[in-house]
Amino acid sequence: MDVDGDGLIDVAVGAFGKAVIFGILRVVQVNASVTFSPPFINMLLRNCQRNDRDVTCVTATVCFTTRAKSPGLSNSTLDLYYNILLDEKKFAPRALFDGSDQRQKEEVIHLLTDGLKCHTLHFHVIDTADYIRPIGFTLQFSLAEQPEGPILDDGCVTTVKNWIPFFKDCGDDDECLTDLALQAHLDISGSRQSPYIVKSYRQRVSAIVMLENRKENAYNTSLNITFSKNLLFTSLLVKDDAQNKIECLVLSAHHRICNVSFPVFRSLMQVSFRMEFEFHCSHLLDEVELYISVSSDSTELNETLDDNTVYLWAAVQYEADLLLTSSESTLQRYEMQQAAESVPEEIRPDFNHTFKIKNLGCFPAEGLEAKIYIPTMINAYYHISAVTTAFTEPVLGINCSMSNATDRLRANQDKATEVLSRDFTYVNRLDCSNSWCSIFTCRMNTVDRSEEVVIHVGYMLYGKFFRTVKFRSLKIVTTLTLDVQTSQVLTIAESARYREVIVELIKPVVIAVSLWIIIGSTLGGLLLLALIIFILWKCGFFKRKQKEEDDEDKEEDEKKE
């Protein structure tokens, strides 16, 4: 029976002399539906702007239909609470509601029973890496709680999930089957037998890459680029292609991820680009390595994956930018003022040479070895010079040793006792090709950038050499050679491997004049003078002046008369 007079049959339950009356609440049924305009998301068509950026906008229309399942609810107003969540399973949302830039929206609307009410919501899709899986749209609703009802029917579905797909343009099956092909090469080449030489004026290397899509659209196409530690990534330049853009993300110093024509690399498209690298000044390796792979969210068959990776390699050596100079001029002259017999045992002053090795490059030079060759002996009987000083600046990090010519002569007794001609008139120079040299060897651990190493050597000449050997002009050549020991990475240019300093010795020639030559020359000169005087006298040279004086005297006497 209707106990409370609300037109609904109530329920009474009693036992053991007690009864409870249960009031009946009115029941309403609410159905929800969602439609989208456009029905799919086309990221290639940016139809609006949000926050000064071109984006793809979507309008969602949410409609609620109410139907009263109990009497007495005609034209009643219902308060409906609803909550909408975009892309609920994604950590980073791909779509946001306009105005709030939030992924969630909550509202309360007023409904009339046995009616229909629709509400429009606007949201936009932001740039994302996932353009394959559709964006979720989840709607949940409930009636506002009231003590006297009404309440929702238990059979109502209060959670509605919809999906907004991305436009793929991949045929009737809506599955993108792509075939990406990657080709690349370096602008340098080098092998273990003939490595590429990295010079100071060209410390760059480039990779020319061509990417092609031979089948259907490839979504979220990305390049995975890793390179060796001796390279620094400087730039990526797309060749004459405004449609396909490549943007890179730095994962580490030697790892990049680059998006190609985001979000979709279209069917049958090609893109060529150049990646430029600089050689790292702090990491010297004997090879360069570059690994490039391409992938996408579209489907690609296993039999076409072979051309999705490229491995580029080249053996390299670094040419140290070393400046090799000497503080003195390359040619010095020394003239003997004394006669050969009076030459002292030791000829001074000493001859001092200074060699400088400066690293002008951007990377340190390791394992350098400098050798200075000083002609010391011709054989056991002819000693040319004696080394008086040999040292370096700085001293730390440099190990030097002196190898005397005498030690090597003792090891070669036949050549040591060989008697050579004393006539050096036709010998132009003395170097290690025709004499025994003392060798000053210096091994440098590391010559850093802009560091300079100075090597000083000095020697004096033996006077006995001048007294016993005939020569007019003789050049003594001191030579410095520079090389790299036990290094597969570093090399030296030919211009920095060799330097020589020359001391030219000039010996005055003393010519002995015979006494008879002097007497004969004197008598010949006197006879010649007498002959000249006799000829002048015969010619009247001495009378001509006297006659002129007599004529002048006669003229004066006539004037006086």
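Visitor: In β8, which residue is the bridge partner of Y82?

Guide: Strands of a sheet pair through backbone hydrogen bonds, either parallel or antiparallel. In this predicted model, the partner of Y82 in β8 is E107. That pair belongs to a longer register: strand β6, residues 77-86, is joined to β8 by 9 bridges, and the two strands run antiparallel.

Visitor: What is the strand order of the open sheet that holds β6 and β8?

Guide: The order is β8-β6-β10-β12, with antiparallel pairing across the 4 strands. β8 (104-112) and β12 (159-164) are the edge strands; each has a single partner, so one side of each lacks a neighbour in the sheet. From one strand to the next, the twist averages 20°.

Visitor: Which strand pairs with β1, and by how many bridges?

Guide: β1, residues 11-15, is joined to β2 by 5 bridges, and the pair runs antiparallel. G14 has A19 of β2 as its bridge partner. The hairpin has 2 residues between its strands, and F16 takes a positive phi near 55° there.

Visitor: How many residues of β2 are buried?

Guide: The count is 0 among the 5 residues of β2 (18-22), so the strand is hardly covered. For the protein as a whole, 41% of the 561 residues count as buried.

Visitor: Where else does phi turn positive in a residue other than glycine, for example at N220?

Guide: Most residues other than glycine have a negative phi, and most peptide bonds are trans. N220 departs from that rule, with phi near 55°. N220 sits in the loop between β16 (218-219) and β17 (222-227). L268 is another case, with a phi of about 65°; its loop runs between β21 (264-265) and β22 (270-279).

Visitor: Are N220 and L268 buried or exposed?

Guide: N220 has a relative accessibility of 14% and counts as buried. L268, at 63%, counts as exposed.

Visitor: Which residues are joined by a cis peptide bond?

Guide: One such bond joins S37 and P38, with omega about -5°. P38 lies in the loop between β3 (27-37) and β4 (48-50). Another joins E393 and P394, where omega is also about -5°. P394 is in the loop between β29 (385-393) and β30 (398-403).

Visitor: How many salt bridges are there in the whole structure?

Guide: Side chains of opposite charge can pair when their charged atoms come close. A search of the whole structure gives 16 salt bridges. One of them pairs R192 with E287, with the closest N and O atoms 2.9 Å apart. R192 is in the loop between β13 (180-186) and β14 (196-198), while E287 is in strand β23 (287-295), so this pair ties together parts 95 residues apart in sequence.

Visitor: How exposed or buried are R192 and E287?

Guide: R192 is partly exposed, at 47% relative accessible area. E287 is buried, at 19%; the cut-off for buried is under 20%.

Visitor: What are the N to O distances in the salt bridges of E278 with R204 and of R214 with E212?

Guide: For E278 and R204 the distance is 3.1 Å. E278 lies in strand β22 and R204 in strand β15 (204-213), so the pair ties together parts that are 74 residues apart in sequence. Both side chains belong to partly exposed residues, E278 at 30% and R204 at 39%. For R214 and E212 the distance is 3.5 Å, and R214 is partly exposed at 38%. Salt bridges can also share partners: R192, D286 and E287 are joined into one network in that way.

Visitor: Which residues make the nonpolar surface patch of about 670 Å²?

Guide: The patch is made by L528, L531, I532, F534, I535, L536 and W537. L536 is placed in helix α4, residues 515-538, and is partly exposed, with a relative accessible area of 33%.

Visitor: How many helices and strands does the protein have?

Guide: The protein has 5 helices and 36 strands. Among contacts with a separation of 6 or more, 80% come from residues 24 or more positions apart. The exposed area is about 31900 Å², and carbon and sulfur atoms supply 52% of that area.

Conventions. Residues are numbered from 1 along each chain as its sequence is written. This is a predicted model: local features need pLDDT of at least 70, side-chain atom pairs count only at pLDDT 80 or more; totals for chains, interfaces and linings use all residues. Side-chain values use heavy atoms; hydrogens and water are left out. Two strands pair if DSSP finds at least two bridges between them. Axes are lines fitted to C-alpha atoms, for helices over the stretch in contact, and angles run from 0 to 180 degrees between N-to-C directions. Patches are made of residues with over 30% relative accessible area and no salt bridge: like charges are joined within 9 Å, nonpolar side chains (Val, Leu, Ile, Met, Phe, Trp, Tyr) within 5 Å. Accessible areas come from the Shrake-Rupley method with a 1.4 Å probe; for residues, only the protein chains shown count as cover. A salt bridge is a side-chain nitrogen of Lys or Arg within 4 Å of a carboxyl oxygen of Asp or Glu. Buried means under 20% relative accessible area, exposed over 50%, partly exposed in between (1.4 Å probe, protein chains only). Contact means heavy atoms within 4.5 Å.
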